[in-house]
Amino acid sequence: MTAAPILPERPEWTVDDLGDLPKDLPYELINGRLIVPSPTAMHQDLCVRLLLALEVNCPPEFLATIDLSMRVDRRNEPRPDVVVIRRKHAGRSPVPVEDALLAVEVVSPTSHFRDLYDKAKVYAHSGVRSYWVVDPQHERIALTEYTLGGGTREYEQVTHTEDLFVTERPWKVSVDLPALTARRNDLLAAEEG
């Protein structure tokens with residue numbers, strides 16, 4: 001059995017400090033705060049379903065993937081739950097944020113504020129054109145789509161729905177949110193049974 005790593009204490013982290021972390025430790029760096037996520041199987045299942053929806057019409061020069069670090073600046077190296085990048089970066093991590101077309105975050109009980117505010121500002125300031133926030137924390141799973149405002153580095157809400165989500169950004173994508181809600185409920189029922 002291996003002991004859990006003891007992380008160095010720092011009041012603020014930068015990308016230069018990340019070399020001190022174990023190579024196999026998943027992490028994010030948001031506004032100088034080190035975050036070590038521990039997602040549930042249900043969270044990861046939802047990420048895979050979103051990935052599959054994005055792959056249906058994905059042009060050959062792009063790649064939809066999960067849990068990939070993006071280099072932004074000295075204080076930020078986020079790890080979106082799902083991200084669309086240029087295929088030429090398939091063997092690289094972290095990828096340059098300039099080549100991300102879409103970042104998707106699936107809200108967990110401990111990430112609500114971070115996903116809706118902190119990460120949204122980081123992604124918008126970095127020029128990520130589209131941002132989806134998927135919230136499975138309510139009775140029905142909701143998806144909110146944001147895009148960069150005309151000439152600004154701030155997101156504007158385009159869509160918020162709990163029904164069938166259809167968009168043309170970054171290409172034609174459909175996400176059946178009622179089906180995802182039913183799947184989540186089935187997974188939770190199995191847990192209780």
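## Pockets, a buried strand and aromatic rings

Four helices and strands each give at least two residues to the lining of the largest pocket: α1 (41-55), β7 (100-106), α2 (112-126) and α3 (177-192). The model is predicted.

**The two pockets**

Rolling a probe the size of a water molecule over the atoms shows where empty space is left. The table sets out the two pockets.

| Pocket | Space | Lining | Nonpolar | Polar | Charged |
|---|---|---|---|---|---|
| Largest pocket | About 580 Å³ | 36 residues | 16 residues | eight residues | 12 residues |
| Second largest pocket | About 190 Å³ | 15 residues | eight residues | three residues | four residues |

Which element supplies the largest share of the lining of the largest pocket? Helix α1 does, with seven residues. Look for P39, T40, H43, V106 and S108 to find the middle of this pocket: these lining residues lie nearest its centre. In the second largest pocket, P22, K23, L25, Y27 and E77 are the lining residues nearest the centre.

**The annotated region**

An unreviewed UniProt entry lists residues 20-160 as "domain: Putative restriction endonuclease". Over residues 20-160, the chain is 21% helix and 33% strand. The C-alpha atoms at the two ends of this stretch are 40 Å apart.

**Strand β8**

Now turn to β8, residues 130-135. This strand is mostly covered, with six of its six residues buried. Its residues point two ways. S130, W132 and V134 point one way, while Y131, V133 and D135 point the other way. Both sets are buried.

Strand β8 also has a partner. It pairs with β7 in the parallel sense, over five bridges. Which residue of β8 is the bridge partner of L102? That partner is S130.

**Aromatic rings**

A pair of aromatic rings is described by the distance of the centres and the angle of the planes. The count of aromatic pairs here comes to six. Take Y146 and Y155 as an example. Why is this pair called tilted? The ring centres of Y146 and Y155 are 6.3 Å apart and the planes stand at 45 degrees, so the pair counts as tilted. Stacked pairs have planes under 30 degrees apart, and edge-to-face pairs have planes over 60 degrees apart.

Are Y146 and Y155 buried or exposed? Both are buried. These two tyrosines also belong to one aromatic cluster, together with Y123 and Y131. Y131 links back to β8, where this residue points the same way as V133 and D135.

How values were computed. Residues are numbered from 1 along each chain as its sequence is written. This is a predicted model: local features need pLDDT of at least 70, side-chain atom pairs count only at pLDDT 80 or more; totals for chains, interfaces and linings use all residues. Side-chain values use heavy atoms; hydrogens and water are left out. On a 1 Å grid over the protein atoms alone, a cavity is a set of points where a 1.4 Å probe fits but cannot get out, and a pocket is an open set with protein on both sides within 12 Å along at least five of seven lines; lining residues have an atom within 4 Å of a point. Grid points are joined across faces, edges and corners, and a volume is the space filled by probe spheres set on the points. Ala, Val, Leu, Ile, Met, Phe, Trp, Tyr, Cys and Pro count as nonpolar, Asp, Glu, Lys and Arg as charged, and the others, Gly among them, as polar. UniProt positions are given in the numbering used here, feature names are shortened, and annotations may be inferred rather than shown by experiment. Rings of Phe, Tyr and Trp (its six-membered ring) pair if their centres lie within 6.5 Å; planes under 30 degrees apart count as stacked, over 60 as edge-to-face and the rest as tilted. Buried means under 20% relative accessible area, exposed over 50%, partly exposed in between (1.4 Å probe, protein chains only). Two strands pair if DSSP finds at least two bridges between them.
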